[in-house]
Each structure stands twice: as C-alpha cells, then as structure tokens.
Amino acid sequence: MTRPVVLFAEELSPATIEVFGNDADVRHVDGTDRAALLSAVAEADAILVRSATQVDAEVFAASKTLKVVARAGVGLDNVDVPSATAAGVMVINAPTSNITSAAELAVTLILASLRNLARADASVKAARWERKQLTGVELLGKTVGVVGFGRIGQLVAERLRPFGVNLLAYDPYVNHARAAELGARVVELDELMREADIVTVHMPKTPETTGLIGAEQFALAKPNLHIVNAARGGLIDEDALYEALSSGRIAGAGLDVYTSEPPAKSDTAKRLLELDNITLTPHLGASTAEAQEKAGIAVARSVRLALAGELVPDAVNVAGGAIDDLVRPGVALADRLGQLFTALAGEMPELLDIEVHGEIGSRDVTALKLSALRGLFRSVVTEQVSYVNAPVLAEERGITVQLVTDESAERFRNVVTLRGTLRSGEVVSVSGTLSGVDQEHKLTEVAGHALEVPLSDHLLIIRYQDGPGLIGQYGVRLGEAGVNIAGMQVSRAGNERGAEALVVLDLDESIDRDFAEELGASIGAHSIHAVDLVY
C-alpha cells in the first residue's frame, strides 16, 4: 500500500514527526520558498505549517491529492479556509494547545503593568535608579474584569483568585454557573468598564468584537485602570487606547497582539511604542516550548485521523465536532449506505432524509450525516469528496438534507436509514445497522424490503417478479462466470405468489455492468445493480 505523503513546510518538533511513524512518507520543504512549496505540495496528501507559510488557492490548485492542511497553532490567518473548503481540503488547527501559555502571559502582563516592570528594567540597564518614579500598585483587593469568559478567560480567573481579587466577567455566551464557581460576577460590558481596576480581554475576533473596547468604554473607566490584551489584535481600538493612555484617562496597558503585526507597520501602533505606560510583547501568547510541542502533536494526530478517512474534532471547516464513542462505529456504515443509495437511485435526490433510530438518536449524530453525504457523492463528482465539501456539493445541487433522529428502533438496537425523493416522486431507501462484537455492517432494508445481510464490498441487488426456478437461473449464470456467492437473502413484498421479490447477493468479487444487465434481462428483472462499496 502506498503511504500518504505528509509535507512539513516549517520546523516542528521531533515528537510531532514521530506521530506518523512508518505510516507516512514524511517530507520537508521551506514553506517561505514559494516555488519550492508549490513543487513539493503537488504530491502531498497533507501539509503541516505554523505561521510563516501562506496556504492559499494557488497551493490548493498545485495539488490534486491534498486532503488536509494542519496549522500547528490556534490562528489561521495564513490559511485560506474558503479556498480549502471549495477544494475539499480539511483545515485543522490546535485550538487548545496554547490556552495555558496564553493565560499565564495575560497574568504576567497584568503584573508587569501594575509594577512598571518594563520601564524598571530599562531604567536599571541605563544606569538609572528611579525607585520613586516607578512606584506600582498591588493586585490584592483590586477588581479584575475578564472580557470573554471562555477557556482562557476562565484559566486567567483561576490564576488570579489566589491574589485576592474581585472578579467580574463579561461574555454574551457565558455559563453563569461556571462563572459563579470561579467567584466571578457576570455583568454587562459598560458596568465592567466602570467598576474594574484591571481589564483583561479574551474574546475571539469577529466583526462584532473588533473594536469592542474603544473611546466610549474608556470614557467609563477609572483613571487607575490597567488594560491587557493577549487575545487577538483589534479587540481594543488602538487609536482610542493611545488617547486614553497619553491623556492619563487610564493608568496603563499591556499588549501582546496588535491590529498590524509587527506594530511598527501601523501609524497608530507606532504611537503606542512611544508611550512609557504600556508594556509590549511580540505576540508571545503561544511561544512556550510546551505549547509548541502540544500544538504539533495535536495536529499530527488529527492529520492521521483525516488521512484515515475519519472525522476530526479540530477541523475548523467541518460541521459537528468530536464524535461520541457510541456514534463513531456508524461513520463507515453511513458512508457505505450513501454509496449504495446513489447506485440504486441512479441520480441525486431532491430531498434526502438521513434517519438515525435507536439509542444513539439521543447523541450528536452529525458525523453520520456528513459521512452519508460523503458516500452519496463518491461516484458522482470528479473532484475529491470529503467531509468538508460534501455538504457544499449537496447545497450546490439543490438537495434538501434533513437529519432525523428517533430514540426508538423496532428490529435492531440502532439503525441508519437514507430515504430520498427523486424528481419523479419515487422514494428510494436503504437502511443498515452494526451487528455483534465486531460491529459488522448489515443491510437491513432496501426499498421497503426487510433484510439482514452483510453490507459487504461486492453486492448484486435484483428486483424481479417472484417465480419458481429464478434463483437457480441466476445462480447458475454466476457460477458459469466463476463468481462465488458468499451469501444471499430474498425478501418478497407480501406473501402472495408472484409478488415482487428483492434479492441481495454477497459476492466474493466485482462483476461488470454489462454482465449484470445481461443477467437481469435473462430473468426479466425489474432492476439489477452491481455495487462495489469502499471505505
């Protein structure tokens, strides 16, 4: 078996490379050398980067085999996610790798700003001894406002509590119970700005949060306010921050992130560099040995999942998320049912219901929906089909997709059904389940016919008018062609003699379409489908 090509475009730790072991052909390229990158990516199945390599539409166009781009870090400013999605390429990052490092840096900036550490360091190195001019303030008893109370905001709160502070939290999506556990009182942003002695910002950057703290908010602040941003540049309006600091409207600030990086590129940021009451660091939030190691290993593990065809919790352009342990075994089943549906329908449905019945109906089964859609399009489009672009392909074709869940199942513990309505109004349906300790794929229904037969790699499905001797006829024809029948099941619509029968044959090998049509014609079949399933 050919090993996938995994391209490292920037230096990552040996432990990151070791994740792939002997299961991948690991190659290296300087991602900042554009020509070398485009040449190397032509054969790559996956590419791992940090922040220096630009992965854009040109990169995706240069490789027809690329399945996944992994950024060993949190931000994705250097990865063109829309272009990746259009190309069917999964984009992965490491969203939790640096949360501890970022939280610790925020606390460091708070203390540095309160105690004038940057100015004190410069003073001593310049042979000055400015003790009176550099008098600071204690953290004990101060009110700290945490703007954004997600994972990092909560870690900051946990680390500040032992200092004896009073905590306020602002976050439109905050979990009030969790905030209370950490001793934080949830307030609106204006109240936080009025009451806080220190503000630390930990929001994601979106159109709604850009410039979240500006002149209006600084006008509410105490003159002793110190504000810190170790999250994303632009959350604090830098023009308003400069005016507040230079006019003495607030006491101090600490920044690790900027609207433009390095800050010297921006006229606004250049003015901030001139101030004494601001502490600046060069985007060091994730710059610890531990964070870098965790980020590399995390994305490498996710790349392995992606190359194995599994859903990836850290994929930023895939709906869903981590797959429930009870749901995970059904991902491959749903894919194969999607393939079978397409083979039987012969066209795309206008409406597709993906039904999940049984105990897993109470879980998040988004993964089964995505997998079913991936299977649906495998043989339909020329481009690579993935969990990323399968929903896009459905939308482009005007297919209305519905995920239906029901915690009850009649015959089996869990059942996945694909039920699609074609343009003619005909309804095509296939159902499957997982059976036994080995979680064997079983086909349990086709077009309303109840079955229980292995959903194997090579199937022959025939619908015909039931009559004596027909099984023998197609059995003999297959035998003469040297095709072995590993198993079969016949289902008849009703108990009447002569009713429509549906047979599913489990074959040891594939048969070609011409032979299948000839076989169907010999017994007057209503339809016959030779189906080869993959996963």
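A pocket is an open set of grid points, on a 1 Å grid over the protein atoms alone, with protein on both sides within 12 Å along at least five of seven lines. In this predicted model, the largest pocket has a volume of about 1500 Å³. Its lining is made up of 47 residues, and Val74, Gly75, Ala231, Arg232 and His283 are the ones closest to the pocket centre. By class, 21 residues of this lining are nonpolar, 17 are polar and nine are charged. Helices α5 (99-114), α7 (151-160) and α13 (289-307) each contribute at least two residues to the lining of the largest pocket. The largest share comes from α13, with three residues.

Enclosed space was also examined. Rolling a probe the size of a water molecule over the atoms shows where empty space is left. Two cavities of 30 Å³ or more are present in the structure. The second largest cavity holds about 30 Å³ of space. Its lining consists of Asn229, Gly233, Gly234, Ile236, Glu238, Leu241, Leu255 and Val257. Four of the residues lining the second largest cavity are nonpolar, three are polar and one is charged.

Two sheets are described next. Strands of a sheet pair through backbone hydrogen bonds, either parallel or antiparallel. One open sheet is formed by six strands in the order β14-β13-β15-β16-β17-β18, with mixed pairing. The edges of this sheet are occupied by β14 (400-406) and β18 (449-454), each of which has a single partner strand, so one side of each is left without a neighbour in the sheet. On average, and with direction ignored, neighbouring strands of the six-stranded sheet are turned by 20° against each other. Strand β17 (residues 440-446) runs antiparallel to β18 and is joined to it by four bridges. Val446 has His449 of β18 as its bridge partner.

Helix α14 packs on this sheet and touches β13 (351-358), β15 (414-421), β16 (427-435) and β17. The direction of α14 makes about 155° with that of β16. Helix α15 also packs on the sheet, where it touches β13, β14 and β15, and its direction makes about 135° with that of β13.

The two helices also contact each other. The axes of α14 (residues 330-345) and α15 (residues 366-377) come within 6 Å and cross at roughly 35°. This crossing is right-handed. On the α14 side, the contact is made by Gly330, Val331, Ala332, Ala334, Asp335, Gly338, Gln339, Phe341 and Thr342. On the α15 side, Ala367, Leu368, Ser371, Ala372, Arg374, Gly375 and Leu376 take part. Eight nonpolar, six polar and two charged residues make up the contact of α14 with α15.

A further open sheet comprises four strands in the order β20-β21-β19-β22, and its pairing is antiparallel. Strands β20 (485-492) and β22 (527-532) are at the edges of this sheet, each pairing on one side only. Neighbouring strands of the four-stranded sheet are turned by 15° against each other on average, again with direction ignored. Within this sheet, β19 (residues 458-465) and β21 (residues 500-507) pair in the antiparallel sense over seven bridges. The bridge partner of Ile461 in β21 is Val504. Helix α14, described above for its packing on the six-stranded sheet, also lies across β19 and β22 and runs at about 150° to β22.

Two features of the backbone were noted in loops. The peptide bond from Glu261 to Pro262 is cis, and its omega is near -5°. Pro262 is located in the loop between β11 (252-255) and α12 (267-273). Gln439, a residue other than glycine, has a positive phi near 55°. The position of Gln439 is in the loop between β16 and β17, two strands of the six-stranded sheet.

How values were computed
Residues are numbered from 1 along each chain as its sequence is written. This is a predicted model: local features need pLDDT of at least 70, side-chain atom pairs count only at pLDDT 80 or more; totals for chains, interfaces and linings use all residues. Side-chain values use heavy atoms; hydrogens and water are left out. Axes are lines fitted to C-alpha atoms, for helices over the stretch in contact, and angles run from 0 to 180 degrees between N-to-C directions. A crossing is left-handed if the near helix is turned anticlockwise from the far one by less than a right angle, and right-handed if clockwise. Contact means heavy atoms within 4.5 Å. Ala, Val, Leu, Ile, Met, Phe, Trp, Tyr, Cys and Pro count as nonpolar, Asp, Glu, Lys and Arg as charged, and the others, Gly among them, as polar. Two strands pair if DSSP finds at least two bridges between them. On a 1 Å grid over the protein atoms alone, a cavity is a set of points where a 1.4 Å probe fits but cannot get out, and a pocket is an open set with protein on both sides within 12 Å along at least five of seven lines; lining residues have an atom within 4 Å of a point. Grid points are joined across faces, edges and corners, and a volume is the space filled by probe spheres set on the points.
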